Amino acid sequence: MKVKYDILKNTIKLALLKNCVSEEDAEIMAKVHADSTLIGVNSHGLNRIPRLINFINDGLININGKLKLIKKFGAIENYDANLGFGVINSIKASKRAAELAIENGIGMVSVKNSTHWMRAGTYGELIAERGMIALCFTNTESLMPLWGSDEKSIGNNPMCIAIPSKSGNIILDMAISQYSYGKLDSSKIKNEYLPYPGGFDSEGNLTNDPNKIIESQRLLPIGYWKGSGLSLCLDAMASLLSTGKSTYDMDEDKAFNCTGCSQIFIAMNPEVFSTEQENEKVIEKIKQKVHSVRTLEENSSVRFPGEGSIKRKDKNLKEGIEVDDFYYEKVKSFINV
């Protein structure tokens, strides 16, 4: 089914308003989730709304939780999110990191006791829109095995790197697992296989069947052992720099869906040692090379990170957004309760 952007955003907003979310917060979160769906990331857009509403009703999110400054030192600030909406508090943290970078050349905001921020790219984009380079990451409860184990023992700890450019920001948005649980879930609903192996089945065989991966809970780290190590380091940095919980603290709390997580937002000013024009020249050379390399298949192209999102956004604004019928009807059902 295809839905126009404004209709999708309004549907999400009405569902949130019906479930104790304030007008201001509902407007912001509806836009973030609609924007994610607009660029094709349904797993962290429309499809997450039913779970978010269930969390609100189960008391797992403090709907009045706001960022509270705990400590500051130079261009670094540490906040407690008080288990408020991850999206709302992450937007504020991103904007503050960018402000600090504009003032100081670099800025970092660390946040503890947060909740799921949905799509990491949202916050890289916010920082890049302000002309800053972004590095943002969060930890999670254990979602995949450490390399060499079959036991869930490390988070998939999503991260985003964003580089501003007038011809389109470079946005690398990824989990440290080959595919997020959201992608596995949406592929399962559509009865589709993954494009590449995304984990192991219960027999220890690599598979692209989302059902078998969900059953075994053995997601594949990116780069195998390298991704496993990267995930562990991101977790350690997030918890240390935020004075917050590590993956294993959340495991002990039996946390679910990033409840109580630690998040880092770093913004860097690329014009400290150069001009905007000089930087744009560097980026354009990189993009031109990406677009000129030989492709493996005819009528295909190699893209820079985030380029596909730009094209999908333009296409979906004109033609309508493809949504999962199941989730769209589920969200509509929250309005008519």
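Me: In the largest nonpolar core, which residues touch the most other members?

Reply: This is a predicted model, and within it the largest nonpolar core has 55 residues, of which Leu-8, Leu-52 and Phe-265 touch the most other members. The largest share of this core, eight residues, is supplied by helix H4, which covers residues 86–104.

Me: Where does this core lie with respect to domain 1 and domain 2?

Reply: Both domain 1 (2–59 + 314–334) and domain 2 (68–177 + 221–272) give residues to the core, so it lies between them. To follow one member, take Leu-52, which, if residues up to four places away in sequence are not counted, touches Leu-16, Met-29, His-33, Ile-61, Phe-85 and Met-118. Apart from this core lies another, of 16 residues, among them Met-108, Phe-137, Ile-176 and Ala-238.

Me: How should I read a helix such as H10, and which of its residues are buried?

Reply: An α-helix has 3.6 residues a turn, so residues three or four places apart point the same way. In H10 the buried residues are Asn-279, Glu-280, Ile-283, Lys-287 and Val-290. They cover an arc of only 95 degrees around the axis, which puts them on the same side of H10.

Me: What do the buried residues of H10 pack against, and which residues are exposed on the other side?

Reply: The buried residues pack against strand E8 (159–163) and strand E9 (170–174), while on the other side of H10 the exposed residues are Gln-277, Lys-281, Val-282, Lys-285, Gln-288, Lys-289 and Ser-292. Helix H10 itself, residues 276–292, has 17 residues and reaches 24 Å from its first C-alpha to its last, close to the 24 Å expected at 1.5 Å a residue.

Key:
Residues numbered from 1 in each chain as written. Predicted model: local features only at pLDDT ≥ 70, side-chain atom pairs only at ≥ 80, totals over all residues. Heavy atoms only, no water. Helix = DSSP H or I, 4+ residues; strand = E, 2+ residues; numbered from the N terminus. Expected span 1.5 Å × (residues − 1). Buried < 20%, exposed > 50% of the residue type's maximum accessible area, 1.4 Å probe, protein only. Arc of directions from axis to C-beta. Contact = heavy atoms within 4.5 Å. Core = buried A, V, L, I, M, F, W, Y, C linked by side-chain atoms within 4.5 Å. Domains from an automatic or database assignment.
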